[in-house]
Structure formats: C-alpha cells, structure tokens
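Student: Hey, got a minute to go through a structure with me? I'll fire off questions as they come up.

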Amino acid sequence: KTHPGKVRLSNQDSYLVREEATCLYAVADGMGGHRGGNVASAMAVEALQQVDLSEQPNPARLREAVEAANAAIWERQLADLSLSGMGTTLTALWAGKDSLLIAHVGDSRLYSYAGGIIHQVTTDHSLVGELLRSGAITPEKARKHPYRNIVTRAVGTDATVMVEILEMDKKPDTRFLLCSDGLTEYAPPQVLRDSLAKDLDTAAQELLDIALSGGGRDNITLIILEVSA
C-alpha cells in the first residue's frame, strides 16, 4: 500500500517488489522538496533494480547497490541545483532460500512478527533514535518529539554513505513489515502487532487506514510479507 496522505500534495515515497529466483523488497522515503524527494526515492529504487536476483542474498552486492544509489543521487543534485539537498531513506529486504539480508539507511523501518511478538529489526538513523538509545528520552516522548523527523543518515545527501547490513535466518510462519515513517508516526508497535495478526490484505488496509485516520501528515508506504510454513 502507498498513499500521499492528507497533507502532502505528492507522494515522495517509492517502493520495490521483485519476485524472481530470489526476492527483493524495498521502501524509500524521499526528502528535499517537492521534486527532489520524488527523484531521490525513485533513483534509490532504480539502483536496486540492478541487483542480480539469480544468486542467493549477497551482502557485498546489496551494499554496492545502495552505494551506487548514493553516488547517483549525490552526483545528480550537484549537476542540478533545483535538486540540491535531496536524499532518501532506504530499507531493503533480500529474501533467499534460507536467509534474509537487510540493507538500511535512515528511519524507514523493518519489523518482524512471529508468535504474537513484534520486533523492530532496523535501528532508526535519526536524532530521536539516538536520544532513545542513549536513554535520554522514553519511547512515549520519542513519538511526540519535535525533531522526530530529522534523520542522521540518508542516501544521496553526502558523497559517501554508511549502510547498515543485517542478516537473518528465514524462519517459517514469520511476517515482515517494511514501512516509511508516515505509518509509524501513528501506529506504535502494539498497534502494528495487532494488525499483523490478521490476514495480509486486511492488515495492510487496516494499517493504511490507521495512518490516515490519525492525520496522514506524511506519505504512507508499507509492504507486508509472510514466510510460508
């Protein structure tokens, strides 16, 4: 599901669904003005189109793809002043036969859900995320913090990027949620957990409706996946 929300005139989120020999999914939340955000997130997703999915998930290949996206976005904004300052978050999941590989930059998120328990797999690269991890603020204060949308790491905002790479076993009866912060702004973990317990289509629509009914101040994008038994 993807939606511009109730306030933004355009949808600066982009997403990727590639289901081939292996599968690659991604959510990118663009920033940098009306045009720049659109361009940056689309370029990030386009870079992931170049990943060869005939091989099993490879950390080096996935990192190279994100670094290629970073270089392309950075060079594009240097060449076009109207795009100056653009960048994007990027959270990607590459699913192979027995393993899962995650690449993450920014504050879009990946959650896992199994046995009634939800877990945030990725770490927010954001000012509020750092305050939360240091114990300076509580999760409740983090949700309402005035600087909660300030990211400390993004794709394309600098000549180089630090990509967080995570590896997981692919376990049956596990669900995953990839999403932009337009959803998590309104849906805390317990709300996500309750929705993810339902069938996939119902869960996706319910989460979109929750974000819209909460205010829909940002673009909303989410992908729900399930590892079959």
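Student: Is Val-105 buried or exposed?

Tutor: Val-105 is buried, at a relative accessible area of 1%. Keep in mind that this is a predicted model.

Student: OK, and which strand is Val-105 found in?

Tutor: Strand 6, which covers residues 99-105.

Student: What is Val-105 in contact with, leaving aside neighbours within four places in sequence?

Tutor: The contacts include Val-66, Leu-90, His-125, Arg-153 and Val-163. As for Val-151, 46 residues apart from Val-105 along the chain, the two C-alpha atoms are separated by 9.3 Å.

Student: Switching to the sheet. What's the strand order in the open one with five strands?

Tutor: The order is 1-11-10-7-8, with antiparallel pairing. Strand 1 (2-3) and strand 8 (117-120) each have a single partner strand, so they stand at the edges with one side lacking a neighbour in the sheet.

Student: How many bridges join strand 10 to strand 11?

Tutor: Six, and the two strands run antiparallel. Along that pairing, Thr-174 sits opposite Val-227 of strand 11.

Student: Which strands does helix 6 lie across?

Tutor: Helix 6 (residues 189-196) lies across strand 7, strand 8, strand 10 and strand 11, and it runs at about 125° to strand 8. Helix 7 (residues 200-214) also packs on the sheet, where it touches strand 1, strand 10 and strand 11. The direction of helix 7 makes about 155° with that of strand 11.

Student: Let's stay on helix 7. What should its 15 residues span, and how far apart are the end C-alpha atoms?

Tutor: At 1.5 Å a residue the span should be 21 Å, and the end C-alpha atoms are 21 Å apart, which agrees.

Student: Which residues of helix 7 are buried?

Tutor: Ala-203, Ala-204, Leu-207, Leu-208, Ala-211 and Leu-212. Looking down the axis of helix 7, the buried residues fall within an arc of 165°, so they line one face. That goes with the general rule: an α-helix has 3.6 residues a turn, so residues three or four places apart point the same way.

Student: And what do those buried residues pack against?

Tutor: Strand 1, strand 10, helix 5 (181-184), helix 6 and strand 11. On the face of helix 7 turned away from the buried side you'll find the exposed residues Asp-201 and Ser-213.

Student: What follows helix 7?

Tutor: Gly-215, with a positive phi near 145°.

Student: Which residue other than glycine has a positive phi, near 60°?

Tutor: That's Asp-173. For background, most residues other than glycine have a negative phi. Asp-173 sits in the loop between strand 9 (164-169) and strand 10 (174-179), and Asp-173 is exposed at 54% relative accessible area.

Student: New topic: how many salt bridges does the structure hold?

Tutor: Nine. One of them joins the side chains of Glu-20 and Arg-18, at 3.1 Å from N to O.

Student: Is Arg-18 buried or exposed?

Tutor: Arg-18 counts as buried because its relative accessibility is 9%, under the 20% cut-off. Glu-20, at 47%, counts as partly exposed.

Student: Which residue does Lys-198 meet in a salt bridge?

Tutor: Glu-206, at 2.6 Å from N to O. Glu-206 is partly exposed at 23% relative accessibility, and Lys-198 is partly exposed at 34%.

Student: And what does Arg-193 pair with in a salt bridge?

Tutor: Asp-194, with 3.2 Å from N to O. Arg-193 is partly exposed at 33%, and Asp-194 is partly exposed at 44%.

Terms used
Residues numbered from 1 in each chain as written. Predicted model: local features only at pLDDT ≥ 70, side-chain atom pairs only at ≥ 80, totals over all residues. Heavy atoms only, no water. Helix = DSSP H or I, 4+ residues; strand = E, 2+ residues; numbered from the N terminus. Buried < 20%, exposed > 50% of the residue type's maximum accessible area, 1.4 Å probe, protein only. Salt bridge = Lys/Arg side-chain N within 4 Å of Asp/Glu carboxyl O. Pairing = 2+ DSSP bridges. Contact = heavy atoms within 4.5 Å. Axes fitted to C-alpha atoms, helices over the stretch in contact; angles between N-to-C directions. Expected span 1.5 Å × (residues − 1). Arc of directions from axis to C-beta.
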